[in-house]
Amino acid sequence: MNEQHARTLLTAVAMAAMLVLAPVAGTVAVSGPAAAASFSADEADASIESGNTFWQGQSLWLEADTLAGLEAGDTLQIRKVNADEQLTGLMTEFVLEENGTAVIETASLNASDYVVTTGTDGVVEFNATGHAVSVASTTDEGAVESAAWEIAGQTLSARFEEDDLPVRTGQTARIRIDSNRGEYTLNVSSPDLDEDDLETVFGQPGDQADAFDEASLGNDDGVIQLENATASSTLVANFTELEETGELSFEFDVAETTADGTAGLTVSDRDVTLGFDQDVYKDQVGDEVPISLALEDADRAWLFVGGEEVNYLERLELVDADDDGRVTVELNAFEVGREAFDQARPDHASTVGADAAYSVREGDRIASITRFNDTGSAIEVAPVLTTPLEADSYLLSLSSSPAIVTTGEDAGAVSDERAVATLALTEREGSVMQSRVAPGGDADLDGAEFRALMERSTPSRTVAIGAGADRVLLRVHASGVYGYLAEEEISALVAGGQPNHGLNLTVRQVHEDINEAPDELDLTGDGVGLQTDPANETFTVVLDMSDVELRDGGDLEDGETYQAVFQIGVIDNDVGVDYDGADEIQENPYVPADEERVATAEFTVVEADAEVRGLSDGTLRVSQVDNVTIRGSTTVAPHQTVTVTAKTEDDHPLLRRDEATVRPDGTWAASFEFADVPVGTTFTASVGIDAAQLGSAVDGRVLEEPRARLAFLDQESPGAVVEVQSVTLSRGGFIVLHRGSASGPVVGVSELLGSGTHEAVRIVLDEPVEGSTTLVAVPHRDENADNRYHPETDEAYVDNGSIVTDMAVITYAEAATPTATVSDEPTPIVVTKTVQVESPTPQVVTETVVVTTTATPGQPGFGAFVALLALLGGGWLVARRR
């Protein structure tokens, strides 16, 4: 209990005595001659001031000023002021001491306005320092209001946050303190705890501990004081180090007022639960193994790895620093047990380095690691292993205690063992390599950047170089190497690099030139990165083909093929390459010298290039419409973004750009609007990546919007052929037949039709008509100018924003049997012939001839038919093309 707190309580006792001896209604305790001859302002909580507000329970100091006509020995009164600014009953009287001072205790003054009076006819006004400055008549207008001061009752409540309950040892709980006062000093005590316990609960290092008054700590009065408490304060009660359990009550009161509050809770022993996420953690020797643990009602646990039967035992003290109830330990099966240190190893700092035997993921920490040996312990194990952990099963034990039983039948057993699991290390498997390609960029990536790049990569054996160069991803599936690739340093994969454990990666030119050394990529230079994924037993070497160099300083050449070779074991110089120091390469501890493991992949480099497709006579022809699609192909990687530009500098300046994403098949498509560009405008179209142009620009011309008219009538058909009565195409193309609607399945396509009007266009159906069916005819342009219909690129004719169509009902009808007649007149027959033309470009065309025949005696009506068969034998037929 501090001095101020004690004085408040003594004053309350004195006041109670005064009420018994002088039973005056509303009497206020006032310090008088029996207590002291005079008072200083330091002995009170505040100086009285007219117009100010004070809290019930505060002590107020005042001094009579000669200017107010007051002096020592004068008797003054305290009277209450009502809502009409009128004086009411007398609360108390007091006498000014020899220096004209007094201290008023306000504990018994209820919330209201008060004044100091010289009797019933004069009110005293005080300034900010507590000095009386004037005495005015109670009848003077505003005199009472100017002299009055207010007493307010302070409220205080305390409660534990519901979200933090119930509380167990080792946990914390928040106490919410609410008051109607902005700032004050708070006393904290407990009938169940001594002051040392209070300091343990509330005085943990940090901002909260700094807020407690040092003078209130360690004085054995059972009270600690929180300075500068506010209207809404939160205290954290920390039960981590507190030994007491059960029901605990905490009492709070304000040092200078009568406000108080109580908060209680029950602290019970923790029901600690520790566990492994898996019964068996299986991986291959030399790899990194993630071991995930669950901690409930515990912020730390001890993990034991190994035992006497495997000649290795180590203990990790793990701390759940982020308090999420989980800790994941990364066990490096290549490194564990190989670092020499005494059994009493010093505590580690936050997280053990990634190249150490153990590490934990961000947010948690390893407090200590202890290696057991056969000296001073109850078990017999080797203090240091000379080789990495061998393939075997290793016991994993999780405990809430760091102890090991040292005597009796259980000597060597883990004390308070809560969970067990098995670490199963198996012999390593072979390796596989895949070559992938991705859009260009840096090779040095963080984890998120690499994962995003993998999603944009595709398997490929072709890689672009030069402007807009790709990235190559050499993805290797290999086990037993991640213990020494943990730092993701490419030097660990290059013969002669440090560290090296019998690993070698080379990327060399494949060629058949005699007596000429192959080119080889410099994997230790710029443009090379390494990403490891131990969980999936893969690592990936990233090559930025715009930055990677040859070892001899030359340039990569278009069309050259390179082979990547990854070796584990003794380096075979018929496959690998001599680097400086290669003769000193270590053998891999898991691969015998006569069992070298090799994985390979190949890729061919090509210059980054792009072309625009759909040219007609070398010119890109586009329509004066919106949503014109310009298409093309490129050698750069799929998912790369290319910029397609249409530009002119003539009388109608034009600059249109669109970005297109390269598809898996290497094609791209960009969309443009040419509706506002005059017909006849010429332009150049080009493709690029950033500021680099790919390939050559092509000339383009804006043409009128293509138009088509179509007449497709209901008809009877023998089933295999239908007829479109008339079609007019401004740019030629095809008539495509759909079943049911314009979006229905395609059932037939006409031959390529030239620009202009065509009558009676016969189209052979894919399947004969049965019964009655509806077909829809849709004219399409030959956008690629290759004389073949491509549904993906050959767009339909449009009129006012709608596709041009016509619909007909086709009804099956058997063909009439011809009647033989004899005629002496010549009979013309029209047939078409499909021929292959090689010049100027290979294409399929049709030619039409008229055959005239005369009836032959003995062959009534069949002379023309015989002639037709002769023509067909010569390669003539009815043309049908798709």
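How many residues does the hairpin use to join strand 15 to strand 16? The hairpin joins these two strands through 5 residues. That is a handy place to start a walk through this structure, which is a predicted model.

## The chain as a whole

The chain has 882 residues, and 46% of them count as buried. It contains 6 helices and 56 strands. Among contacts with a separation of 6 or more, residues 24 or more positions apart account for 69%. The chain exposes about 42,400 Å², with carbon and sulfur atoms supplying 45% of that area.

## Around strands 15 and 16

Let us return to the hairpin. Strand 15 (residues 246–254) runs antiparallel to strand 16, and 8 bridges join the two. Within this pairing, L248 stands opposite L265 of strand 16.

Strand 16 covers residues 260–268, and its side chains alternate. In a regular strand, side chains alternate between the two faces of the sheet. Here G261, A263, L265 and V267 point to one face and are buried. D260, T262, G264, T266 and S268 point to the other face and are not buried.

Strand 16 also pairs with strand 12 (residues 167–168), this time in the parallel sense over 2 bridges. V167 stands opposite V267 in strand 16. Just before strand 12 comes P166, in the loop that follows strand 11 (156–160). The peptide bond from L165 to P166 is cis, with omega near -5°. Most residues other than glycine have a negative phi, and most peptide bonds are trans.

## Aromatic rings

The count of aromatic pairs comes to 9. A pair of aromatic rings is described by the distance of the centres and the angle of the planes. One of the pairs is F202 with F250, which is edge-to-face at 5.6 Å centre to centre, with 85° between the planes. This pair links distant parts of the chain: F202 belongs to helix 3 (residues 195–202) and F250 to strand 15, 48 residues apart. F202 and F250 are both buried. F276 and Y281 form another edge-to-face pair, with centres 6.2 Å apart and planes at 65°. Both F276 and Y281 are buried too.

Ring pairs also link F160, F202 and F250 into a cluster. Elsewhere, a ring meets a charge: the charged end of R781 sits over the ring of Y797, 5.6 Å from its centre.

## A six-stranded open sheet

Which strands make up the open sheet, and in what order? The 6 strands follow the order 18-26-25-20-21-24, with mixed pairing. Strand 18 (280–284) and strand 24 (365–371) stand at the edges with a single partner strand each, so one side of each is left without a neighbour in the sheet. From one strand to the next, the twist averages 20°. Strand 21 (residues 312–319) and strand 24 run antiparallel and are joined by 6 bridges. Here L318 stands opposite I366 of strand 24.

## Strand 54 and its partners

Strand 54 (residues 806–812) runs parallel to strand 46 (residues 715–717), with 3 bridges joining them. Strand 54 also pairs with strand 51 (residues 772–780), in the antiparallel sense over 6 bridges. T811 of strand 54 takes part in both pairings: E716 stands opposite T811, and T811 is the bridge partner of S772.

## A buried leucine in a loop

Is L521 buried or exposed? L521 is buried, with a relative accessible area of 0%. This leucine lies in the loop between strand 31 (503–510) and strand 32 (528–533). Beyond its neighbours within four places in sequence, L521 is in contact with several residues, including V507, L543, Y562 and F603. L550 is also in contact with L521; the two are 29 residues apart in sequence and 4.4 Å apart in space, C-alpha to C-alpha.

## Two residues with positive phi

E85 and N228 each have a positive phi without being glycine. The table sets out where they lie and how exposed they are.

| Residue | Phi | Location | Relative accessible area |
|---|---|---|---|
| E85 | near 60° | loop between strand 4 (75–81) and strand 5 (87–95) | 31%, partly exposed |
| N228 | about 60° | strand 14 (residues 223–238) | 53%, exposed |

Conventions. Residues are numbered from 1 along each chain as its sequence is written. This is a predicted model: local features need pLDDT of at least 70, side-chain atom pairs count only at pLDDT 80 or more; totals for chains, interfaces and linings use all residues. Side-chain values use heavy atoms; hydrogens and water are left out. Two strands pair if DSSP finds at least two bridges between them. Helices (H or I, at least four residues) and strands (E, at least two) are DSSP runs, numbered from the N terminus. Axes are lines fitted to C-alpha atoms, for helices over the stretch in contact, and angles run from 0 to 180 degrees between N-to-C directions. Rings of Phe, Tyr and Trp (its six-membered ring) pair if their centres lie within 6.5 Å; planes under 30 degrees apart count as stacked, over 60 as edge-to-face and the rest as tilted. Buried means under 20% relative accessible area, exposed over 50%, partly exposed in between (1.4 Å probe, protein chains only). A charge sits over a ring if NZ of Lys or CZ of Arg is within 6 Å of the ring centre and within 35 degrees of the ring normal. Contact means heavy atoms within 4.5 Å. Accessible areas come from the Shrake-Rupley method with a 1.4 Å probe; for residues, only the protein chains shown count as cover.
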